[in-house]
Amino acid sequence: NSTPDDPPDYGTPYPSSSTSFAGDNLTAVPIIITDSGTITDLNVSVTLDHSYNSGLQWTSVTLLSPYGTSVVLGAGDQIGGNWGGSSGGQLYSTVFDDEATTSIYNGTAPFAGSYQPVGSLSDFDNQSITGTWELLINNRNGSDGTVEYTIMVETDNSTPDDPPDYGTPYPSSSTSFSGDDL
């Protein structure tokens with residue numbers, strides 16, 4: 001009898017709940033992390049089910065940190081990336097990991113396993129883990145779907161970088177528009 005290998009340890013998990021996303025819409029899925037620590041390695045597991053069978057072709061997936069740093073995990077060829085029609089409409093427990101050996105664009109649907117994201121998750125290194133993280137689903141297809149994700153992070157007790165200071169905020173009001181009304 002042989003003993004199976006232990007699964008990889010991607011760090012402390014912070015899961016979201018399953019969230020629906022609408023067609024032709026941008027959806028932000030938040031995770032609020034109250035723990036403290038400075039990021040030394042961050043990975044993300046995503047399960048996404050697009051109701052259109054080639055939905056990834058029309059979808060981008062981006063992680064946004066409390067510092068305002070964004071990293072594109074993957075995107076379809078109709079939205080500036082390389083997922084084509086044969087990429088399907090699902091990500092199944094897809095782990096985005098800078099140390100993976102295969103790019104997400106070289107994987108096979110439903111992308112079970114570990115893949116390198118388009119952007120670099122090391123852009124989050126030295127930031128504080130504390131705050132509201134968001135997974136942004138930009139869906140440019142009329143069909144809907146569901147998504148859930150887990151941030152898996154290793155931290156230490158060093159002092160994190162200061163968040164950027166963008167100056168004094170002057171918020172605008174919200175204005176609706178439709179169609180070609182720009």
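These exercises, each with a worked solution, deal with a predicted model of one protein chain.

## Exercise 1. Overall build

Describe the secondary structure of the protein chain, then decide how its radius of gyration fits the globule rule.

Step 1. Count the elements. The protein chain has zero helices and 10 strands. Along the sequence the pattern reads β-β-β-β-β-β-β-β-β-β.

Step 2. Apply the rule. For 182 residues, a compact globule would have a radius of gyration near 16 Å. The protein chain has 17 Å, so the value agrees with the rule.

Step 3. Add the dimensions. The C-alpha trace spans about 60 × 50 × 25 Å along its principal axes.

Step 4. Pick one separation within the chain. Ser2 sits in the segment before β1 (12-15). Its relative accessible area is 71%, over the 50% cut-off, so Ser2 is exposed. From the C-alpha atom of Ser2 to that of Asp77 the separation is 44 Å. These two residues are 75 residues apart along the chain.

## Exercise 2. Surface and contacts

State what share of the residues is buried, and what share of the contacts comes from residues 24 or more positions apart.

Step 1. Take burial. Of the 182 residues, 39% count as buried.

Step 2. Take the surface. The accessible surface of the protein chain is about 10,000 Å². Carbon and sulfur atoms hold 44% of that surface.

Step 3. Take the contacts. Consider those with a separation of 6 or more. Residues 24 or more positions apart account for 71% of them.

## Exercise 3. Partners of β9

Find how β3 and β5 pair with strand β9, and give a facing residue pair for each.

Step 1. Start with β3. Strand β9 covers residues 131-139. Nine bridges join β3 to β9, and the two run antiparallel. Ile32 stands opposite Thr132 in β9.

Step 2. Go on to β5. This strand pairs with β9 over six bridges, in the antiparallel sense. Here Thr59 stands opposite Asn139 in β9.

## Exercise 4. Aromatic pairs

Classify the ring pairs Trp83 with Phe111 and Phe124 with Trp133, and say whether their residues are buried or exposed.

Step 1. Get the total. The model has four aromatic pairs.

Step 2. Classify Trp83 with Phe111. Their ring centres are 6.1 Å apart and their planes meet at 50°. Stacked needs under 30 degrees and edge-to-face over 60, so this pair is tilted.

Step 3. Place both residues. Trp83 lies in the loop between β6 (70-75) and β7 (90-96). Phe111 lies in the loop between β7 and β8 (113-115). The pair therefore ties together parts that are 28 residues apart in sequence.

Step 4. Check burial. The cut-off for buried is under 20%. Trp83 has 1% relative accessibility, so it is buried. Phe111 also has 1%, so it is buried too.

Step 5. Classify Phe124 with Trp133. This pair is edge-to-face, with 5.2 Å centre to centre and 75° between the planes. Phe124 is buried at 0% relative accessibility. Trp133 is buried at 0% as well.

Step 6. Look for a cluster. Ring pairs link Trp83, Tyr105, Phe111 and Tyr115.

## Exercise 5. The surroundings of Gln57

Locate Gln57, decide whether it is buried or exposed, and list residues that it touches.

Step 1. Locate it. Gln57 lies in the loop between β4 (38-50) and β5 (59-64).

Step 2. Judge burial. Its relative accessibility is 15%, under the 20% cut-off, so Gln57 is buried.

Step 3. List the contacts. Leave out residues up to four places away in sequence. Gln57 then touches Gly76, Asp77, Gln78, Ile79, Trp83, Gly84 and Gly85.

## Exercise 6. Unusual backbone

Find where the backbone has a cis peptide bond, and which non-glycine residues include a positive phi.

Step 1. Recall the rule. Most residues other than glycine have a negative phi, and most peptide bonds are trans.

Step 2. Find the cis bond. It joins Ala109 and Pro110, with omega about 10°. Pro110 is in the loop between β7 and β8.

Step 3. Check Phe111. This residue is in the loop between β7 and β8. Its phi is positive, about 60°.

Step 4. Check Asp24. Its phi is positive, about 50°. Asp24 is in the loop between β2 (19-21) and β3 (25-33). At 55% relative accessibility, Asp24 is exposed.

How values were computed:
Residues numbered from 1 in each chain as written. Predicted model: local features only at pLDDT ≥ 70, side-chain atom pairs only at ≥ 80, totals over all residues. Heavy atoms only, no water. Phe/Tyr/Trp six-rings, centres within 6.5 Å; stacked < 30°, edge-to-face > 60°. Helix = DSSP H or I, 4+ residues; strand = E, 2+ residues; numbered from the N terminus. Buried < 20%, exposed > 50% of the residue type's maximum accessible area, 1.4 Å probe, protein only. Contact = heavy atoms within 4.5 Å. Rg over C-alpha atoms; globule rule 2.2 N^0.38 Å. Areas by Shrake-Rupley, 256 points an atom, 1.4 Å probe, with all protein chains shown as cover. Pairing = 2+ DSSP bridges.
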